[in-house]
Amino acid sequence: MSVDQSPVTAAAAPGQPSTPLRSRIAGGFSGPYRSIPVLIVLALIWLYFYSQNSAYLTSANITNLSLQIVTTAILALGVVFVLLVGEIDLSSAMLSGVAATVTAQLAVKSEWPLWLAVLGGVVVGLLFVFVEALVIVFGVPSLIVTLGGMVVLQGLLLVVLPPEFTINVGGTDFAEIASTRIPAGWSLALAAAGWLVFCAVRLSRHRARGTAAAPTALVSVGVSALVSGVVIFGVVVVLTQDRGLPLPVLILVSMLLVGSYFTTQTRYGSHLYAVGGNREAAQRAGIPVARMVVYSFLVLGACSAVAGVVEASRLLAVSNSSGGGPLMLNAIAAAVVGGASLFGGRGTVWAALLGALVIGSINNGVQLLGMSTEVQSFATGGVLILAVAIDVVITRGSLLPNRR
Amino acid sequence: MSVDQSPVTAAAAPGQPSTPLRSRIAGGFSGPYRSIPVLIVLALIWLYFYSQNSAYLTSANITNLSLQIVTTAILALGVVFVLLVGEIDLSSAMLSGVAATVTAQLAVKSEWPLWLAVLGGVVVGLLFVFVEALVIVFGVPSLIVTLGGMVVLQGLLLVVLPPEFTINVGGTDFAEIASTRIPAGWSLALAAAGWLVFCAVRLSRHRARGTAAAPTALVSVGVSALVSGVVIFGVVVVLTQDRGLPLPVLILVSMLLVGSYFTTQTRYGSHLYAVGGNREAAQRAGIPVARMVVYSFLVLGACSAVAGVVEASRLLAVSNSSGGGPLMLNAIAAAVVGGASLFGGRGTVWAALLGALVIGSINNGVQLLGMSTEVQSFATGGVLILAVAIDVVITRGSLLPNRR
Amino acid sequence: GGDGDSGNDASSGGGKKLVYFMAPNTTPTRYIEQDGPDFAKALESLDPDIEVKFVNGGGDSANQLSQANSAIAAGAKALVVVAADPNTSAAILQAADGAGVPVIGYENPPLNGPMYAQVIFDPYKVGVQQGEYFQSQVEAGAFGDGPVDVARQYGNKGDVYTTEMLRGQDEVLQPMIDDGTLNVVCEDYIKDWAPDNAQQAADQCLTKTQGDVDVFLGFYDGNASGIIAALRAKDVQIPVYGGQNPELTGLQYMLTGEQQDDVLKAFSVEAEAAAKITVAAINGDDPPSDLVADTVNNGSDDIPTAKLDTTLIHLEEGKDPGEVVQQAVDLGIFTWEQICDGGPAADTPTCQEKAG
Amino acid sequence: MPEVIADPGAAPTTGREPLLELHGISKYFGGVRALHEVDLELFRGEVVGLVGDNGAGKSTLVKVISGVEHPDTGELRVRGEAVRLETPRGAQAAGIHTVYQDLSLCDNLDAVRNLFLGQELAGSVLRGRPLDRHRMETQARALLDSLSVKVRSLSAPVGGLSGGQRQGIAIARALVSDPSLVLLDEPTAALGVSQRAEVLELIVRLRAQDRGVLVISHDLKDIQEVADRVVVMRLGSKVAEFRRGHYGSGDLVAAITGADESSPNPGGNR
Amino acid sequence: MPEVIADPGAAPTTGREPLLELHGISKYFGGVRALHEVDLELFRGEVVGLVGDNGAGKSTLVKVISGVEHPDTGELRVRGEAVRLETPRGAQAAGIHTVYQDLSLCDNLDAVRNLFLGQELAGSVLRGRPLDRHRMETQARALLDSLSVKVRSLSAPVGGLSGGQRQGIAIARALVSDPSLVLLDEPTAALGVSQRAEVLELIVRLRAQDRGVLVISHDLKDIQEVADRVVVMRLGSKVAEFRRGHYGSGDLVAAITGADESSPNPGGNR
Ligand SMILES: Nc1ncnc2c1ncn2[C@@H]1O[C@H](COP(=O)(O)OP(=O)(O)OP(=O)(O)O)[C@@H](O)[C@H]1O
Ligand SMILES: Nc1ncnc2c1ncn2[C@@H]1O[C@H](COP(=O)(O)OP(=O)(O)OP(=O)(O)O)[C@@H](O)[C@H]1O
Ligand SMILES: [Mg+2]
Ligand SMILES: [Mg+2]
């Protein structure tokens, strides 16, 4: 009657295991385990480029990579918050340029202390997104508000820049944000402290369950402690090879940890997901939806200011091209590659890191191979799509598309 | 107990009319009447700029405006189709550049007849989006696929361009696509034919209702005939002042009419809205969802090829910058300003025209006032947001935000 | 900010002759900050009856075309056009030609159409200049013996400016590459001429070669600043050549000794020349022959062209970098105050002296 | 015509101030008149049943009381004080809790988060209001058990749950807060036999706790069983009100369908 | 243990080929076993009632039959032929029409478009399949009237309709096509008294037209009234099957809750 119906050739054998592996896998990659397929994809990308050029996985290049993705990842972190509540943003990259310029003005030209100058940049970021968020809450679609905001920021950038349209921060304190390296000893100590806190929290949670806690749960606590330990110390050891752990990486990780805590462990995070999942229901449950939207934009504003400062410090300058280029689309793409949904309510803050790593690893590798511009484009675009396609296949545990 | 509760100061008067005007208005602007608030906003924009500079509403400037917006509007038409099924697209502007380049290669370098060359460009457009659509249907988010597609197309553009990276079409047949003017007489005849068909269809529909048709319905047929007649002939008269009706405008209008017919009057259109409204439900109703997504992308591909050809013909050349710039974001913004939703299932094809008109009118007006670059940015971004905010207020019939 | 822009008042000056200065985008700073104001000043002193209006194409040819149409509709007497993309600007020329408005091409002029005249610093010649200085350094043994490992960075692929400059550089360098004196270890087109892309390209080049690069050769100061940021982050010292179209960072890095050379373009001279040509165009005269000495075919027409000279400045062993940079200051490109206010050059002896 | 209008003076609620009073509430959606001059009173410790045909305006009335929809005309009083319930938040602050007909669950959140949505058990503001997940889970299990709702995993998104499980969670939410007035819009529609019994039980328990309960149902048997007073709506208007023991099923059906009226059905299609 | 297993040889369906046969259908969602080795037969001109507690797997079974979910194990036969229903489209082509528990309406479309979704009355392919809006409207009105569903405007988006109106539209869809097998998942849950009666009437009419009907409901009275055969599910397994006249309400309740079994309830929370 239709191609959709075909006689069953290999009828299901009766002796199958009670929970088929496939369903178990597919079920297992939802929620907190959503990151695993992305990690597999990342490993594949790394393996591929390493096989093409062994310089790819040198600690020097990994440090390179980590610095290249920091800005995108920090911006993507803010974008994840906005996507979580079901909004979108196009202005944060330009905002990062404006905030960085203000910071540079204050730090370099007005000679404010660096921390105060950074604070100034963050305040500018917060103020701008606050106004945007108010308009969005009023009812104008966020795409329009942030697109308009982007255009306004392009003008604002010209206004806040000095007449020569560039501020060179090389050789100043400002430049040290990106160039500071935390020595291996300190880094390891920090990592150890972080890891111990993590283990302690997990253990205390386990205790809190009281008598109900099965011994298998204790084993899982142990396993997660072990795995997290290996990962944390491994990463720190690799990243400290080259003169120590770059400060921007530490900034990114701290922001991710704070973001992760707030989104998963607090009331605030719960409400974010609720607003993105079903705005009407969230409102009916008494959640201040408008306020949550404003909050998530404020997080975006802060992230974009920090991203701008880190980027300016890495480039040693701000100019009228700051915040332009592919940064905005890369940040959104990073969030989506990492597992956030444009339709709201899905994704974790780690999406920002993972997505930025996928995109950054592709760009880094493609450039390393020294292909011509055209081939670089094909490879960058193609590998990005392929990477996400592999992620999709692993996540749903099947090569077949969702039948529609 | 909370600020939300306040004693009723002005208790509702008992003698109110049975259907409050506000609800009636708000109800009236849904569905096919969704365009009315946008038209009001457009009128406000025109009035404002006209009051600033009377050159704004000269027929020369209106012709100028109409040519400026044609490319954006044609591209936005394709974007509306994609938004309708709940997907997004970032690659069509670049695709328009590639398709235009292919057409120019074929028409100018290989000296194919123009129509065949244009067909070649359209085929390229269709092929590319077809591949994209297949990947999207496979399950990769459209944002990622079209972002990757955009990067690939940037490389492809360099490949299809000749070594000097440009094709000059000045003085060829190709250039005449944009420069052809249809004389006033012909234009009016065309308009009259179109208007008569419209009236005939409405009348025959009215007849089909048979005995059930109330006399008031006949009046509404008469009114709509009158209004549409005034609008159609008015526009044609204004646009033919300056050497006749520009061919690109005719192309745009024809595409809109065909698009409007398909989306509102056919099974295909019904299914598009269903897929965008509730994909699961559409699938369960037996609608071939994947096929509808592919179809809408094919429409996008065709639109973007036509847009590219028109643009190249207007600029008299293709180069490595074809399809770049703000075209993509403008097209998406036009669709959204016109009333399409990023979440799918809402909007009409006229959104493309209206949105492009709003954005184009703002740009045109701001440039006409000759403000400095910064102020232009502020005005463009600010007026865009303001325009949509006014639209929102009129549509919901209230200044108050949706209480959340 | 852009307080250099003038003529903001919407009502066109009553009876004044309108001239539009059409800048391409906001990315190169010079058109908004230097050329534009200089041009307006020069024009005003030549004919106070002229009013200059500034528009900015935002990097989009379509946008620039509509600006040109608006300008023509507004009664412009002449258009001075820096093309957003020369390749797709023929329509501007056609529209102006149709309306009888003279177009003066400026620096990056439109192609493939009739034009009254154009003023340029020939990018091909700039490329040759950079190449020749680089060649002299190679021959002087500045990078040691044997094949010199050079990492090259170009502009945005497909741009007219990139193609022309590359033709100039290659004119000099290709023979050296062919005979093995030069060993090109990396070559990258820098998307959108963006410094951050230049930085990433430099990063990746150093990774690929394990740091085995003798010298970087760029295309303009933006490349150089990206490369220098990459080198600073890695704490390695590799000489950087190929400055051009001075930006503040370029002059600062020359003072710190990190950027070796720069090709100066005297914006004010170019603006003045354009002003003189514009006045002639408005008055219906021929282009002043003392300025407009050449003709250049722009694809469809022979355009009377004023080719202006560029000056290459470079650091030299034992010479005060301040003296070198002074030439740029003398041309009015930047002031010492701007160069020395904050940034990497603030602590150099030159700046201590100039600021003191 | 209202058939039996409760005389408050004679009611068991004598002398007590009504918890909730509606006066002349009307609501239009575009051209559709969803509510027309509705008056309603609700007292503490009373269960009021609200019945009516599909599209009679019952859910709209509930939404007006819970701050989701705003009446075009009319007045609303809570504990004698005129209020304007701008948001559901405002209604909650006034002690009104609602179980909506469409359940209003967040499909992307798990059962525990949905149960405690907006009323999470959380730590101090200083620590960023950390959730007490453990306590919430324990309580959630107890609440669901008390309604016989069986959910296999409390930490799976509720989007995957069965219709009845979802409804069970929506109802259990009413037990998390401590409302003085509970509105239940067709709470048993998707429930199984035993769960339905538990919900009726729950309604009785709420009354015993001296709360006011407004329950909508199409199951007249259930309504007759639990309601102290039954309000009947037809085409947006309140057409009748019966007190327990003063009516039979036939009366209800007649009021709902308007069968007793001589005029032909004024509504219907077109 | 199945208590009364229908013997097809003795059934009124004697000798006829079953319209639908399921053999050993199992379905897992992650770790949750929603269906476990379910066997089912359905004949032409027969109404089968499917009952069970919330979360018993009834809707999942319906989704498996209608091609929405794919069984992990087991076999499905339509008219004796083994089929793999990959999509709802495939199931429709096999003559199976389903009314889903969540209704599956497109909220942005009006009642007419929803009613005819996927089966629009349209013109020739040459003209781009233009909709015959007029005929569709006329038919829609007739269909809704036949179910006593009152919708004030047929051209307003169904998102704004009441719960019962929406359910009425979903059910009316079954009448547009000409299916040989109709699956109804809790079709009367949100319906008013008269609409509910019309739907029961409709089921009887479908049987009279020699179609097969599978109806899920928590209202055991309704089920007893219309079903020729009742299948009881518990925790994903089919636990009992009764033929009309051979059981009482008590039997059903016992089978649903598992009250008769000595073993404690193996499911429940956790
Ligand atoms: N948001 C809305 N937009 C437009 N019309 C609406 C909206 N909400 C309700 N209506 C209309 O108002 C009327 C009353 O709807 P309501 O949901 O209150 O009915 P109900 O009594 O709850 O019916 P049911 O028993 O079917 O749930 C219906 O005709 C419905 O179509
Ligand atoms: N998509 C899904 N993902 C995860 N679990 C699911 C999904 N669908 C159903 N389940 C689970 O499968 C079991 C059976 O669900 P089903 O909807 O079939 O129950 P039901 O018998 O229809 O119940 P009700 O009477 O409440 O509608 C439930 O435990 C439910 O939580
Ligand atoms: Mg209701
Ligand atoms: Mg069910």
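Which pair of chains, among the eight pairs that touch, has the most contacts? It is the pair of chains A and B. The model is predicted. This briefing covers chain contacts, chain A, the nonpolar core, a residue of chain B, and the sheet and magnesium site of chain E.

**Chain contacts**
- Eight pairs of chains touch, and chains A and B share the most contacts.
- Chain C does not touch chain D; the nearest C-alpha atoms of the two are 37 Å apart.
- Chain C does not touch chain E either. Here the nearest C-alpha atoms are 36 Å apart.

**Chain A**
- Chain A contains 16 helices and four strands.
- It has 404 residues, and 57% of them count as buried.
- Take the contacts in chain A between residues at least 6 apart in sequence: 80% of these join residues at least 24 apart.
- The exposed area of chain A is about 15,300 Å², with 71% of it supplied by carbon and sulfur atoms.

**Nonpolar core**
- The largest nonpolar core holds 264 residues.
- Ile74(A), Ile74(B) and Leu79(C) have the most contacts inside this core.
- Leaving out residues up to four places away in sequence, Ile74(A) touches Ile251(A), Leu252(A), Met255(A), Cys303(A), Val306(A), Ala307(A) and Val310(A).

**Glu87 of chain B**
- Glu87(B) sits in the loop between helix H3 (59-84) and helix H4 (92-109) of chain B.
- Is Glu87(B) buried or exposed? Its relative accessible area is 10%, so Glu87(B) counts as buried, the cut-off being under 20%.
- Leaving out residues up to four places away in sequence, Glu87(B) touches Val82(B), Ile136(B), Ser142(B), Arg279(B), Val293(B) and Phe297(B).
- One of these contacts, Val293(B), is 206 residues from Glu87(B) along the chain, yet their C-alpha atoms are separated by 8.2 Å.

**Sheet of chain E**
- Six strands of chain E form an open sheet with mixed pairing, in the order S6-S7-S8-S3-S9-S10.
- S6 and strand S10 (237-243) of chain E are the edge strands, each pairing on one side only.
- From one strand to the next, the twist averages 15 degrees.
- S6(E) pairs with strand S7 (residues 181-185) of chain E in the parallel sense, over four bridges.
- Opposite Ile96(E) stands Leu181(E) in S7(E).
- Helix H5 (residues 163-176) of chain E lies across S6 and S7 of chain E and runs at about 170 degrees to S6(E).
- Helix H8 (residues 249-257) of chain E also packs on the sheet, where it touches strand S3 (47-52), strand S9 (229-234) and S10 of chain E.
- The direction of H8(E) makes about 25 degrees with that of S9(E).

**Magnesium site of chain E**
- Which protein donors does the magnesium ion (ligand 4) have? They are Ser59(E), through OG, and Gln101(E), through OE1, lying 1.9 to 2.1 Å from the ion.
- Ser59(E) lies in helix H1 (residues 58-65) of chain E, and Gln101(E) lies in the loop between strand S6 (96-99) and helix H3 (111-115) of chain E, so the pair ties together parts 42 residues apart in sequence.
- Ser59(E) is buried, at 16% relative accessible area.
- Gln101(E) counts as partly exposed, because its relative accessibility is 23%.

Terms used: Residues are numbered from 1 along each chain as its sequence is written. Chains are lettered from A and ligands numbered from 1 in the order in which they are written. This is a predicted model: local features need pLDDT of at least 70, side-chain atom pairs count only at pLDDT 80 or more; totals for chains, interfaces and linings use all residues. Side-chain values use heavy atoms; hydrogens and water are left out. Donors are N, O and S atoms within 2.8 Å of the metal (3.2 Å for Na, K and Ca); water is not among the atoms, so sites may look incomplete. Helices (H or I, at least four residues) and strands (E, at least two) are DSSP runs, numbered from the N terminus. Buried means under 20% relative accessible area, exposed over 50%, partly exposed in between (1.4 Å probe, protein chains only). Contact means heavy atoms within 4.5 Å. Accessible areas come from the Shrake-Rupley method with a 1.4 Å probe; for residues, only the protein chains shown count as cover. Two strands pair if DSSP finds at least two bridges between them. Axes are lines fitted to C-alpha atoms, for helices over the stretch in contact, and angles run from 0 to 180 degrees between N-to-C directions. A nonpolar core is a set of buried Ala, Val, Leu, Ile, Met, Phe, Trp, Tyr and Cys residues joined through side-chain atoms within 4.5 Å.
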